[in-house]
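Visitor: I should like to go through this model and ask on what grounds its features are described as they are.

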Amino acid sequence: MAPSRTEPLDFDVPEPKVSYDINVPYNSGPEEYEQRIRANSEFPEYLPVWEEGLWFDDFPIFDYHDPALRADKTKPHLLTSNVKIQSVTPRMGSVLTGVKLETLSPEAKDELALLICERKFVVLREQSDFLHAGPQFQVDFMEYFGKLSRQPVTGAIKGFPQFHVIHRDGNEEEIKNFFKHKMTTTIWHHDVSHERQPPGYIMLGILACPDIGGDTVVADTAMAYQRLSPVFQDMINKLKVNHTSRHLIAHAKASKGTVRSNPIDSIHPMVRVHPVTGEKAIYYNAEFPDEVFGLKDQEAEVITRFLLDFIRMGHDFQARVHWEKNSVVMFDGRTTLHTGTVDYDTTTQTRHLFRLAAMTEVPISVDDWEKLQKEKKERV
């Protein structure tokens, strides 16, 4: 099924009971609220806005060349003598101090991409200069890693629809209402997996954060895949899944929010292969998939619920990113799921960050990967 944003928005849905994602605003607040948050923010230009008149057609398919494949595996340009590196867990996550993102050479960016692929996510502390460099600089930086996705409904930065802005401050009534209907604020997801070429490199830049809480939790879906039996692996290797933005856009429409594109549907393999590491990873999440091809509805419900429950409960292949002021996190969208957490007091502290998502290759199935490897051997 080819992706499409050309169909009309002609479906009617009732007004939603709760926010689609409690971590994200979908409309501007009252004028008094907007004035207060602008006065209190160190980064007022990064507060979410919903510009009128923007409309995005679908991205055409583009050739993609991963910068990590060019990198020196020893990473001499990134891991210089003044850089300290610390593991978050033995298998995943690295914290770097001493790196200045705004001064990285192309070779160092290649090596950063490789480190992200190898370690799943990289936390970069002390990035005040990069965060104050402005939206255009940050867009240019991330475009090195791939074409940037554009936000279909959520708040962005004025003039920069590539930014997805997450801002929570003083929304206690919304949270109370949310918990009248929901048991948790967590949504384990891949970012915009409905894109035909979904993001492989994602940046989160923290602009304000609670002293404690509001962490991002990351799960390694390549390790989750490895834990499955060969029989189960073989079964899901063959499955394809439709990922859609239809529900997100329907929510925005019902909430009388801004919509910048028609829904897009893309079919991806349930297991994708990482083109840099060769790892196989489960590519399924709790937000965008809506159909598993080849299975009956009841079969798909059992298998997908099992996979998501398994990943949610797999604390031995998860890591928790503790946010600190002036931090930036970059993570691998191909082999991780992540979720935000609302476990802090929004009456006293703000959580404000931006996301930029660099789209990479069309997801590669196990079968296609094996064919590619066979062709390479035959050429040799």
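Visitor: Leaving aside its neighbours within four places in sequence, with which residues is L101 in contact?

Guide: The model is a predicted one. In it, L101 is in contact with L112, L124, Q127, F130, F141, M203 and V328, not counting residues within four places in sequence. The word "contact" applies because heavy atoms lie within 4.5 Å.

Visitor: What makes the largest nonpolar core a core, and which of its residues touch the most other members?

Guide: A nonpolar core requires buried residues of the nonpolar kind joined through side-chain atoms within 4.5 Å. The largest such set has 43 residues, and L101, L112, F141 and M330 touch the most other members. At least two residues each are supplied by α2 (106-119), β3 (121-124), α3 (128-131), α4 (135-143), β6 (199-208), β14 (328-332) and β16 (351-359). The largest share, 7 residues, comes from α2. Another core, of 28 residues, lies apart from this one and includes L228, V241, V273 and V366.

Visitor: Which residues of helix α8 are called buried?

Guide: In α8 (residues 246-254), they are L248, I249, A250, H251, A252 and A254. Each is called buried because its relative accessible area is under 20%. Just after α8, K256 takes a positive phi of about 60 degrees.

Visitor: Why are β8 and β12 said to pair, and how many bridges join them?

Guide: Pairing requires at least two bridges between the strands. Strand β8 (residues 240-244) is joined to β12 by 4 bridges, so the requirement is met, and the two run antiparallel. One of the bridge partners can be named: H243 is matched with P289 in β12.

Visitor: In what order do the strands of that open sheet lie, and which are the edge strands?

Guide: The order is β9-β8-β12, with antiparallel pairing. The edge strands are β9 (265-269) and β12 (289-293), since each pairs on one side only. Neighbouring strands of this sheet are turned by 25 degrees against each other on average, direction ignored.

Visitor: Why do β11 and β17 stand at the edges of their sheet?

Guide: The open sheet in question has three strands in the order β11-β10-β17, paired antiparallel. Both β11 (280-282) and β17 (364-365) have a single partner strand, so one side of each is left without a neighbour in the sheet.

Visitor: How many bridges join β10 to β11?

Guide: There are 3 bridges between β10 (residues 271-273) and β11, which run antiparallel. As at least two are needed, the strands are said to pair. The bridge partner of R272 in β11 is A281.

Key
Residues are numbered from 1 along each chain as its sequence is written. This is a predicted model: local features need pLDDT of at least 70, side-chain atom pairs count only at pLDDT 80 or more; totals for chains, interfaces and linings use all residues. Side-chain values use heavy atoms; hydrogens and water are left out. Axes are lines fitted to C-alpha atoms, for helices over the stretch in contact, and angles run from 0 to 180 degrees between N-to-C directions. Buried means under 20% relative accessible area, exposed over 50%, partly exposed in between (1.4 Å probe, protein chains only).
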